Amino acid sequence: MKKGFIKVQAIVLLLMISSVFASPPAPYGPLPSEAQLQWHQLEQYAFCHFTINAFTDKEWGYGDESPELFDPTDFDADEIVQVAKAAGLKAFVLTCKHHDGFCLWPTKTTGHNISKSPWKNGQGDLVKEFSDAARRHGLKFGVYLSPWDRNNTHYGTPEYINVFRAQLTELLMNYGEICEIWFDGANGGDGYYAGARETRKIDRSTYYDWENTWKICRKLQPNAVIFSDVGPDIRWCGSESGFAKYPCWATYTPVGLDGKKPAPGAVEYKRGLHGTVDGKYWLPAEVNFPVRPGWFYHKSQDSKVKTPKQLLDRYFSAVGFGGSFFPNLSPDQRGRLHANDVYALTTFGNIIRELYSKNYAEGATVSAGVIRKAGSGEDYSPSNVLDRDIETYWATPDGTKSATVTVELDGVQQFDVIRLGEPIHLGQRIRKFIVDVRVNGQWRQWVKNGSSVGAHVLFRKDVVSADAVRIRILESAACPLLSEVSLWKLPEEIPDSLPVASNAKKISKSQWTIKSDSTERNVFDGRADTFWRSDSGTVKPPQKSASLVIDLGKVESFSAIEILPRQDGLADGVIDQYCFQWSIDGDTWSESLKGEFSNIRNNPITQTVSLNKSVYARYLKVTALRVLEKDFATIAEIYLVK
Ligand code: FUL
Ligand code: CA
């Protein structure tokens with residue numbers, strides 16, 4: 001008894017002494033939760049947009065679409081999930097309800113759901129099909145539930161929040177473990193609203209009472225991360241292009257609009273591109289982007305699928321900057337993926353597998369200028385950067401602001417990618433670093449402007465033959481820690497084309513003219529950076545709209561009109577409600593073809609309007625009924641497709 005007591009005392013004393021001379025580094029700043037740590041390890045996962053829009057050729061349904069339109073002829077969840085898996089994607093997040101309000105599962109909250117569709121005689125449940133398939137193939141599963149609902153009669157009233165929460169509860173209770181819950185910017189605007197067909201404005205910062213909705217998520221799926229423009233777990237990177245910006249901090253202080261509290265859809269979202277150094281919350285970036293120009297399937301975009309090279313470029317800006325790579329899959333009317341998408345995704349997967357097949361830092365010897373003193377059971381040696389385990393790391397003593405770690409490779413190695421990581425469970429600390437490589441006995445700078453590191457950062461450079469690599473940490477908010485230094489090489493061939501080429505032919509614009517010689521000709525100069533701009537004050541719905549008439553030079557036949565919005569990132573004058581008319585003689589005009597360019601603010605891609613037949617015309621009239629910002633209209637380019 002006494003002996004045991006002394007032994008315990010001795011251990012306590014030893015622990016006390018070792019904690020005076022050595023102790024683990026104190027955490028710095030906001031820290032990731034357990035769920036966020038798990039999420040960081042996913043790195044790449046699939047989004048999937050599939051609903052009635054695939055059958056109506058729309059990006060945003062208005063909410064008045066009949067459920068009968070949803071009838072995939074050859075749906076195959078296993079095939080889609082297996083393509084995602086072959087692309088190296090580790091989870092699958094499905095749009096269970098998009099803005100049009102159609103629920104892909106037999107919800108009890110609204111009749112506007114899949115049980116009213118002919119598919120599987122109304123017995124189908126797409127959420128179940130996909131969540132089961134994801135699990136069968138070892139992928140996690142996540143759900144997207146659009147807060148904006150252009151179908152629901154209650155949208156805009158407090159009652160709708162109950163409907164929304166009931167839908168969320170169904171999704172979180174009936175489909176097993178959910179890894180991510182995805183809420184978009186929660187628009188509000190015009191819609192069908194059970195026949196009202198009106199505009200319903202909501203106050204985005206108060207209407208949804210997000211705090212209490214997030215509580216439901218926490219209670220029902222405590223391991224899931226919640227995504228929105230403002231978190232609370234994962235932030236939007238502020239772009240749908242697939243590119244974040246470096247440095248890209250895992251911490252973020254969202255700034256609300258007009259001095260209001262930040263809320264989904266009511267933040268200065270472009271700040272998400274970089275995040276905030278020393279930000280208030282741990283809110284790493286998710287880089288979501290469609291593999292096609294749009295989020296939903298459109299036949300006209302079959303040849304515009306991102307190539308393996310274009311996917312890889314985005315990988316280096318997403319995972320490469322410390323965020324996640326989140327490409328979107330768009331099943332077609334069969335309920336399957338087009339051959340170009342399958343090719344691009346699976347080829348991308350092969351490239352990533354090859355990239356990570358050999359770590360050229362393996363077998364290296366690592367040394368550092370300073371090493372933190374380790375207590376018993378602790379290990380802060382520099383060689384910890386080699387094991388690719390984020391929890392083991394090289395640490396420096398308290399008070400250190402700069403330090404160097406040198407990796408002597410196992411002979412001369414050839415590589416073109418370096419990957420670094422911090423043990424983020426202790427926060428994000430490194431602010432500035434340089435990577436040098438030693439070539440023929442000479443050190444030379446390889447990465448010059450290193451800044452954020454976080455869970456992972458990747459730099460892709462020209463292939464180098466070097467026998468040592470050195471990371472010089474120049475600035476750190478607290479004693480720097482490093483958990484990973486690894487070196488990789490990309491395959492020589494990165495394909496940049498697609499197997500199925502387009503057969504859509506565009507009409508030559510060489511004979512096009514306009515009435516005057518103003519900026520109007522900018523719509524057919526073939527340049528994306530020049531645009532037509534109508535005079536200020538010409539667009540003021542519902543009274544005023546700006547029109548542009550083009551003379552094609554001769555009667556042409558075409559079946560689709562393409563409009564490229566201005567490409568300089570500004571929303572001023574970007575048309576979101578259009579009207580087209582055409583004429584053979586310039587006197588008698590066709591009926592108006594009106595519609596909406598959905599999601600053009602976040603994703604300003606070429607907008608294709610199919611006429612569903614070929615028409616003959618020499619004159620085309622384009623009218624801007626509504627624009628996103630300001631009171632004039634702009635168009636960068638117009639194309640006519642045969
Ligand atoms: C946006 C939506 O408006 C788009 O349609 C798409 O779903 C994208 C992922 O989020 O907020
Ligand atoms: Ca132009």
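Let's start with helices α4 and α5. They lie oblique to each other, because their angle falls in neither the parallel, the antiparallel nor the perpendicular range. Keep in mind that this is a predicted model. The angle between α4 and α5 is about 50°. Their axes sit 9 Å apart. On the chain, α4 covers residues 77-86, and α5 covers residues 126-136. As for handedness, α4 passes α5 in a right-handed crossing.

Now a second pair, α6 and α7. How are α6 and α7 oriented to each other, roughly parallel or roughly antiparallel? The angle is about 15°. Angles under 35 degrees count as roughly parallel, so α6 and α7 are roughly parallel to each other. Their axes are 10 Å apart. Find α6 at residues 158-174 and α7 at residues 210-220. Here, too, the crossing is right-handed, with α6 passing α7.

Next, the loops. Go to the one between β2 and α5. Strand β2 spans residues 91-97. Asn121 is in that loop. Its phi is near 50°. That is a positive value, and Asn121 is not a glycine.

Then the cis peptide bonds. Which residue is joined to Pro232 by a cis peptide bond? It is Gly231, and omega there is about 20°. Pro232 belongs to the loop between β7, residues 225-228, and β8, residues 234-236. Move on to the loop between β8 and β9. Strand β9 is residues 251-252. Pro247 lies in this loop. A cis peptide bond joins Tyr246 to Pro247, with omega at about -5°.

Last stop, ligand 1. Which residues are around it? Take the aromatic names on the list: Phe47, Trp60, Tyr144, Trp182 and Trp295 are among them. The histidines listed are His49, His98 and His99. Asp184, Glu240, Asn288 and Asn599 are also there. By type, the shell divides into 5 nonpolar, 5 polar and 2 charged residues.

Look at the polar atoms. His99 places a polar side-chain atom 2.8 Å from an oxygen atom of ligand 1. For His98, the distance from a polar side-chain atom to a ligand oxygen is 2.9 Å. Trp60 has a polar side-chain atom 3.1 Å from an oxygen atom of the ligand. How much of ligand 1 does the protein bury? Alone, ligand 1 exposes 290 Å², and the protein buries 97% of that.

Key:
Residues numbered from 1 in each chain as written. Chains lettered and ligands numbered in written order. Predicted model: local features only at pLDDT ≥ 70, side-chain atom pairs only at ≥ 80, totals over all residues. Heavy atoms only, no water. Near = heavy atom within 4 Å. Polar contact = N/O pair within 3.5 Å; in protein donor to acceptor, adjacent residues only side chain to side chain. Areas by Shrake-Rupley, 256 points an atom, 1.4 Å probe, with all protein chains shown as cover. Nonpolar A, V, L, I, M, F, W, Y, C, P; charged D, E, K, R; others polar. Axes fitted to C-alpha atoms, helices over the stretch in contact; angles between N-to-C directions. Helix = DSSP H or I, 4+ residues; strand = E, 2+ residues; numbered from the N terminus. Parallel < 35°, antiparallel > 145°, perpendicular 65-115°, else oblique. Left-handed = near helix turned anticlockwise from the far one by under 90°.
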